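Biologist: Could you pull up the model so we can go through it together? I have a handful of questions about the ligand site and the empty spaces.

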Amino acid sequence: MFRIMSYENVDLSGKKLLVRLDLNSPIDPKTGKIIDDTRLRIHAQSIKKLLEKDPALVLLSHQGRPGEADFTDLSQHAEILSRYSGVDIRFIPDIIGPTALNEIKEMRRGEVILLDNVRFLSEELIEAPPEVQSKTFLVKRLSPLIDLFINDAFATAHRSQPSIVGFPPVLRSCAGPVMIQEIRAISKILGETDSPKIFVLGGAKIIDTIRVIENISRKRLADRILTTGLVALLFQVAKGVKSNQYIMRVLESRGLLSLVQRARRLIIQGAPIETPIDYRVLRDNNEVSNDPAYRVSGAPLDIGEETIEMYSSMIKEANLVVMRGPAGYIEDPRFSVGTKILVEEAINSKAYVIIGGGHLNMFVPEEKRGLERIHVSSGGGALLEFLSQLTLPAIEALEYSYRRFWGGEN
Ligand code: 3PG
């Protein structure tokens, strides 16, 4: 489907590879510790697969965003990756300084190092086309020491950032095990499914989600879009459902009120967007109640019983269910019920199911993960962008590299 090179078809023996992974994981703001290590487990397997081809690996990843509580260094990531892979992965607290460069120069085949959080470099936060990113310090300093770039960060493939799209214009580049597996599984499912197609969209990354909903609606990819979480609150306000102060404050404090107009436009254009009819609410006195959407008496932290029932009946009818983002504040078990039931309904239905993002992954029972009908993606935002655009900046950059260095068509 895509004209990209796979790591499977390249001789990597004795080569020094720069491997972009996505190790970005949820972090407990109090302890600074990783609370869900799904992505580390996945990437431990891809590190083992790459090592079978006898190269040396320089691993690169981001964690969190500046200013957020999950913006940490990658020392614990190296420890956990070493444990899961059984390979000694040395953490280097540097990215493009003399320490990192010397370490890379001295590496021998079979060795693996993990550089520090690439978002410690301010240039990494800027999105720009590959030709611009190929001139960043990250690319200029690391590429002379590297034989091949492997992009295995499917979950960040929607970002046109230097570590994702900057290397393919200057280095022979290919897709790694996770990237290949994701592209193949998702493309296969898309090729095999008919309507009804249902997207269940929640979570907190609203700006990304609204852009994706605009694409999905324009291309008529979904028969229904069931909203939950903060996305639901935004669309509820856009629909004119009476919303309490808490809801307005939450949207305002996150700078989301400016998106209400965009959400309203989608509704007017007939986008098939459903919002909850009730919520599970935390009141000021710490009691939990089930309130109708138009009369919420506190903080709506999960979808309510009737919404669960309504959404479940729609999911039962579907041939494809795509889920991204939790339906509530799942860190508190009192508000994880909606997410748990919707995931269960989807995986027990007859539909093909694509589940994206770390927060939902943990609700999928181990025994269901191997089913061909169910794809648990390492990506959240990237998954949705891929579904709605059928390509991603990272894939386009790999296609460019394929044409340039492997003689693919121009
Ligand atoms: C994700 O978790 O969605 C990816 O790691 C990308 O992170 P970002 O949204 O901070 O770019």
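What follows is a short run of questions and answers on this predicted model.

Biologist: Let's start with the overall build: how does the radius of gyration of the protein chain sit against the globule rule for 410 residues?

Modeller: The chain comes to 16 helices and 15 strands. The globule rule gives 22 Å for 410 residues, and the chain is close to that, so it is as compact as a globular protein of that length. Its radius of gyration is 22 Å.

Biologist: On to the ligand: which class has six residues in the shell around it?

Modeller: The residues surrounding the ligand are D22, N24, R39, H62, R65, R119, A155, R159 and K205. Split by class, one of the shell residues is nonpolar and two are polar. The class with six is charged.

Biologist: Which side chain has a polar atom 2.8 Å from an oxygen atom of the ligand?

Modeller: Take the polar side-chain atoms one at a time. R39 has one at 3.1 Å from a ligand oxygen, and K205 has one at 3.0 Å from a ligand oxygen. The 2.8 Å distance belongs to R119.

Biologist: And how much of the ligand's accessible area does the protein cover?

Modeller: On its own, the ligand has 310 Å² of accessible area. Of that, the protein covers 93%.

Biologist: Now the second largest pocket: which element gives the largest share of its lining?

Modeller: This pocket has a volume of about 690 Å³ and 30 lining residues, with I42, Q181, R369, H375 and V376 nearest its centre. Elements giving two or more residues are helix 1 (38-51), helix 7 (177-192) and strand 15 (374-376). The largest share is ten residues, and it comes from helix 7.

Biologist: How many charged residues are in that lining?

Modeller: The lining of the second largest pocket is a mix of classes, with eleven nonpolar and nine polar residues. The charged ones come to ten.

Biologist: What about enclosed space: which helix gives the most to the lining of the largest cavity?

Modeller: A search of the whole structure turns up one cavity of 30 Å³ or more, and the largest cavity has a volume of about 40 Å³. Its lining includes T339, L342 and V343. With three residues, the top contributor is helix 13 (residues 337-348).

Biologist: Last one: how many charged residues line the largest cavity?

Modeller: Among the lining residues are V200, M323, P326 and L360. By class, the lining has seven nonpolar and three polar residues. As for charged residues, there are no such residues.

Key. Residues are numbered from 1 along each chain as its sequence is written. This is a predicted model: local features need pLDDT of at least 70, side-chain atom pairs count only at pLDDT 80 or more; totals for chains, interfaces and linings use all residues. Side-chain values use heavy atoms; hydrogens and water are left out. A residue is near a molecule or strand if one of its heavy atoms lies within 4 Å of it. A polar contact is a pair of N or O atoms within 3.5 Å; within protein, one must be able to donate a hydrogen and the other to accept it, and residues adjacent in sequence count only if both atoms are side-chain atoms. Accessible areas come from the Shrake-Rupley method with a 1.4 Å probe; for residues, only the protein chains shown count as cover. Ala, Val, Leu, Ile, Met, Phe, Trp, Tyr, Cys and Pro count as nonpolar, Asp, Glu, Lys and Arg as charged, and the others, Gly among them, as polar. On a 1 Å grid over the protein atoms alone, a cavity is a set of points where a 1.4 Å probe fits but cannot get out, and a pocket is an open set with protein on both sides within 12 Å along at least five of seven lines; lining residues have an atom within 4 Å of a point. Grid points are joined across faces, edges and corners, and a volume is the space filled by probe spheres set on the points. Helices (H or I, at least four residues) and strands (E, at least two) are DSSP runs, numbered from the N terminus. The radius of gyration is taken over C-alpha atoms; the globule rule is 2.2 Å times the number of residues to the power 0.38.
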